[in-house]
Amino acid sequence: MTAEPVAASTVDEGLREKQPARIAGMFDAIAHRYDLLNRILSGGLDQRWRARAIAALRLETTDLLLDVCTGTADVALSALVSPTPPRRVVGVDFSREMLRLGLAKTRRRRQHVSLLLAQGDATRLPLPDGAVDAATIAFGIRNVQQPDVACRELARVLRPGGRLAVLEFGLPASPRFRALYLWYARRVLPVIGRAVSRHDSAYAYLPESVGKFPPPEEFGHLLQACGFPHVEVIPLTLGIVYLYVAQR
């Protein structure tokens, strides 16, 4: 189940191959419009999806939460204002500009004591074994060049019994809705994204990366193979997004 690729000329080859430096550079370039575009392009649903992922973690007030591919720290900050906020959140991302904006948001919301942001790679997390109680990665795993390595890293840093919530885009199961969604993703989303972000290829890369990401069952099996024996796959918004809840 894959989307047809966007025309080759619209997406930089380095992005297509998910070269870390190119992906980080793309996010650096669109960081200043990233939150705005998330709200516009999802119709505000992105906030609901993140809240659902946080709730699935069943956080306790003593927990240390790791947010990988934290971007501008939306998930991390949402966790800190949830009904049972974790003791502390560590956010990791390889985009310096996204982290800079995330830090500014953290200070504005006076959460800098509870949230630590660090530049790092999802495939080489800067944490010791079993260091965290829960982990999230929202709309980031498809951008990782070696997702299996990142999933094993998440299993490594989670304590036994720790929970992982992964949010990622998918393709709707309904043929009619899938056709509508793909039309939007290929035709409308890149135009709006390019106009607002002023980046030529970032929002053409998005639908291509979604189309190439493994189907839900396949990614669920990948999580199991990487150290998460218990995986639940939950479609959200008719399958536009999938929530994967896994236990170490």
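**Exercise 1. Determine whether Asp46 is buried or exposed, and describe its surroundings.**

Solution. Asp46 has a relative accessible area of 3%, and it therefore counts as buried, the class for values under 20%, with exposed meaning over 50% and partly exposed in between (1.4 Å probe, protein chains only). This is a predicted model, in which local features need pLDDT of at least 70 and side-chain atom pairs count only at pLDDT 80 or more, while totals for chains, interfaces and linings use all residues. Residues are numbered from 1 along each chain as its sequence is written, and side-chain values use heavy atoms, with hydrogens and water left out.

The next step is to place Asp46 in helix H3, where helices are DSSP runs of H or I with at least four residues, numbered from the N terminus. Leaving out residues up to four places away in sequence, Asp46 touches Asn38 and Arg39, contact meaning heavy atoms within 4.5 Å. Finally, the side chains of Asp46 and Arg50 are joined by a polar contact of 2.8 Å, that is, a pair of N or O atoms within 3.5 Å, one able to donate a hydrogen and the other to accept it.

**Exercise 2. Work out at what angle helices H2 and H3 pack, and which residues make the contact.**

Solution. Helix H2 (residues 20-42) and helix H3 (residues 45-56) pack at about 100°, their axes lying 7 Å apart. H2 is therefore roughly perpendicular to H3, a label that covers angles of 65 to 115 degrees. From H2 the contact draws on Asn38, Arg39 and Ser42, and from H3 on Leu45, Asp46, Gln47, Trp49 and Arg50. Sorted by class, these are two nonpolar, three polar and three charged residues.

**Exercise 3. Establish where Asp28 sits and what it contacts.**

Solution. Asp28 belongs to helix H2 and, at 31% relative accessibility, counts as partly exposed. Beyond neighbours within four places in sequence, Asp28 is in contact with Ser95, Arg96, Glu97 and Met98. One of these offers a further detail, as the backbone nitrogen of Glu97 lies 3.0 Å from a polar atom of the Asp28 side chain.

**Exercise 4. Locate His199 and decide whether it is buried or exposed.**

Solution. His199 is found in the loop between helix H7 (175-197) and helix H8 (202-212). Its relative accessibility is 17%, so His199 counts as buried. Not counting residues up to four places away in sequence, His199 touches Met26, Ala29, Ile30 and Arg194.

Conventions: Axes fitted to C-alpha atoms, helices over the stretch in contact; angles between N-to-C directions. Helix = DSSP H or I, 4+ residues; strand = E, 2+ residues; numbered from the N terminus. Parallel < 35°, antiparallel > 145°, perpendicular 65-115°, else oblique. Nonpolar A, V, L, I, M, F, W, Y, C, P; charged D, E, K, R; others polar.
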